[in-house]
Amino acid sequence: MPEKKLPFTKKKLDAIMAEFPTPFHLYDEKAIRENARAFRKAFSWNQGFREFFAVKAAPNPYLMKILQAEGFGADCSSLAELMLARKTGITGEDIMFSSNDTPAEDFLLAKKLRAIINLDDINHIPFLEKIAGLPELICFRYNPGPLKKGNVIIGHPEEAKYGFTREQLFEGYRICRDKGVRRFGIHTMVASNELDAQYFVETAEILFDLVVQISHALNIRFEFINIGGGIGIPYRPEQERIDLAAMNRGIQELYGKIIVANGMAPIKLFAECGRYITGPYGYLVARVLHIKDTYKKFAGLDACMANLMRPALYGAYHHITIPGKEKTPHDVMYDVTGSLCENNDKFAIDRMLPALAPGDPVVIHDAGAHGFSMGFNYNGKLRSAELLLREDGSVVQIRRAETVDDYFATLDFKGLKKFEVQG
Ligand SMILES: *Cc1c(COP(=O)(O)O)cnc(C)c1O
């Protein structure tokens, strides 16, 4: 069985765990930076390529600042994410605002920050115009419908709530052109956690063809093409990383054949990946709290699905390493659980692991995207701290753990004393 490596020794982890109580999320700065550089390099054939990190994957200003330093923008989809970008010092066209079912106040702030606004629906054109006025640069999200097969996480495009139909795109750009909008972009995102490079090449082809057709039909010029996020990571140790080089060879070839050949170049390529950027470089660190032996063997952790929901939500695989027991035979089958009153609160089902004992450290891999950020407070569970392993080996806390005071902050217990109850 292939193993997944950890960026720290058992000794180092022991020292971190002595200082910070479990559970916590730990991010590896060095690996995030190296990966960010390699990602940019893979797309560097395209002048003006830009990655906008999908903030929802890991909405922490320290991580966003690191990615900003690596040349990334931010992809936001809510008011709070826009505010987070602003507080991190990311504004203007360094922000891609890709929202849906968008509240007015979100559009207002996006416009105020001069973010690139990516509309999800043709009806949002008059909605945005009325509340904030149309910006000079507009982008629409395309839903290719039956042209594209989806996957488990995002579903079939025809069933998906996102994006414009093809006809609506022509109509939408025409409306905006006639209202004086002069700068245009196009976006799509139809896959999530996709590991097949060819999938993204096909997506680019669909967008390139559309850009040529819309440009000719409406006599407008596209400034950028945003191929969205959704690049997958190998959660299972036996899976291969996506071949970014092959993906770029394919996209570059089509760019020449379609964009350059039709006189549309240069057009900037944008991406808005989250998972690919930080996913493999974040770890959920916990301890075994109890071992239980009934009809099955259970290893109960001090973490639960409030810290990492993906296994419970999608049945997703997350690899588990028991530091110090890597070489011990993995000959005991466990369900690795949390403490939530939900039977699907399991990080792993029927997983072969070394024999475990209370107090053992447990590292859950690939928790660096859509991990902490999906956390919730159901059952009174509190969200953990986030730590950053810096390049010099030091560890800093980049978010403290929630306390019960945070949990109760929205309640007024003083009001309860004066609250009259009959009977
Ligand atoms: C979630 C999301 C992303 C990021 O998805 P990843 O799978 O993390 O790459 C990008 N764009 C939009 C519009 C999204 O909703």
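# Ligand shell, pocket, cavities and backbone

Me: Which residues lie nearest the centre of the second largest pocket?
Reply: This is a predicted model. Its second largest pocket has a lining of 19 residues. Those nearest the centre are Lys 4, Lys 5, Pro 280, Tyr 281 and Asp 366.

Me: How much space lies in the second largest pocket?
Reply: The lining residues divide into ten nonpolar, two polar and seven charged. The space in this second largest pocket is about 390 Å³.

Me: Which domains each give at least three residues to the lining of the second largest pocket?
Reply: The lining of this pocket counts 19 residues. Two domains each supply at least three of them. They are domain 1 (29–278) and domain 2 (280–407).

Me: Which residues are closest to the ligand?
Reply: The ligand is surrounded by 14 residues. By class, this shell has three nonpolar, six polar and five charged residues. The closest are Lys 56, Gly 230, Glu 272, Arg 275 and His 370.

Me: Which residue has an N or O side-chain atom 2.7 Å from a nitrogen atom of the ligand?
Reply: Look at the ligand atom in each pair. Lys 56 has a polar side-chain atom 2.7 Å from a ligand oxygen. The ligand nitrogen pairs instead with the side chain of Glu 272.

Me: How far is the polar backbone atom of Gly 274 from an oxygen atom of the ligand?
Reply: A polar contact needs N or O atoms within 3.5 Å. The pair here joins a ligand oxygen and a backbone atom of Gly 274. Their distance is 3.0 Å.

Me: How much of the ligand's accessible area does the protein cover?
Reply: On its own, the ligand has 390 Å² of accessible area. The share covered by the protein is 91%.

Me: How many cavities of 30 Å³ or more does a search of the whole structure find?
Reply: Rolling a probe as big as a water molecule over the atoms reveals where space is left empty. The second largest cavity holds about 40 Å³. The number of cavities at or above 30 Å³ is three.

Me: Which helix gives the most residues to the lining of the second largest cavity?
Reply: The lining includes Tyr 199, Phe 200 and Thr 203. By class it has six nonpolar, three polar and no charged residues. With three residues, the top contributor is helix H8 (residues 197–218).

Me: Which residue is joined to Pro 23 by a cis peptide bond?
Reply: Pro 23 sits in the loop between helix H1 (10–19) and strand E1 (24–28). Omega for the bond is about 0°. The partner is Thr 22.

Me: Where does Pro 266 lie?
Reply: The bond from Ala 265 to Pro 266 is cis, with omega near 0°. Pro 266 lies in the loop between helix H9 (244–260) and strand E9 (268–271).

Me: What is the phi of Asp 350?
Reply: Asp 350 belongs to strand E14 (residues 346–353). Asp 350 is not a glycine, yet its phi is positive. The value is about 50°.

Methods
Residues are numbered from 1 along each chain as its sequence is written. This is a predicted model: local features need pLDDT of at least 70, side-chain atom pairs count only at pLDDT 80 or more; totals for chains, interfaces and linings use all residues. Side-chain values use heavy atoms; hydrogens and water are left out. A residue is near a molecule or strand if one of its heavy atoms lies within 4 Å of it. A polar contact is a pair of N or O atoms within 3.5 Å; within protein, one must be able to donate a hydrogen and the other to accept it, and residues adjacent in sequence count only if both atoms are side-chain atoms. Accessible areas come from the Shrake-Rupley method with a 1.4 Å probe; for residues, only the protein chains shown count as cover. Ala, Val, Leu, Ile, Met, Phe, Trp, Tyr, Cys and Pro count as nonpolar, Asp, Glu, Lys and Arg as charged, and the others, Gly among them, as polar. On a 1 Å grid over the protein atoms alone, a cavity is a set of points where a 1.4 Å probe fits but cannot get out, and a pocket is an open set with protein on both sides within 12 Å along at least five of seven lines; lining residues have an atom within 4 Å of a point. Grid points are joined across faces, edges and corners, and a volume is the space filled by probe spheres set on the points. Domain bounds come from an automatic or database domain assignment. Helices (H or I, at least four residues) and strands (E, at least two) are DSSP runs, numbered from the N terminus.
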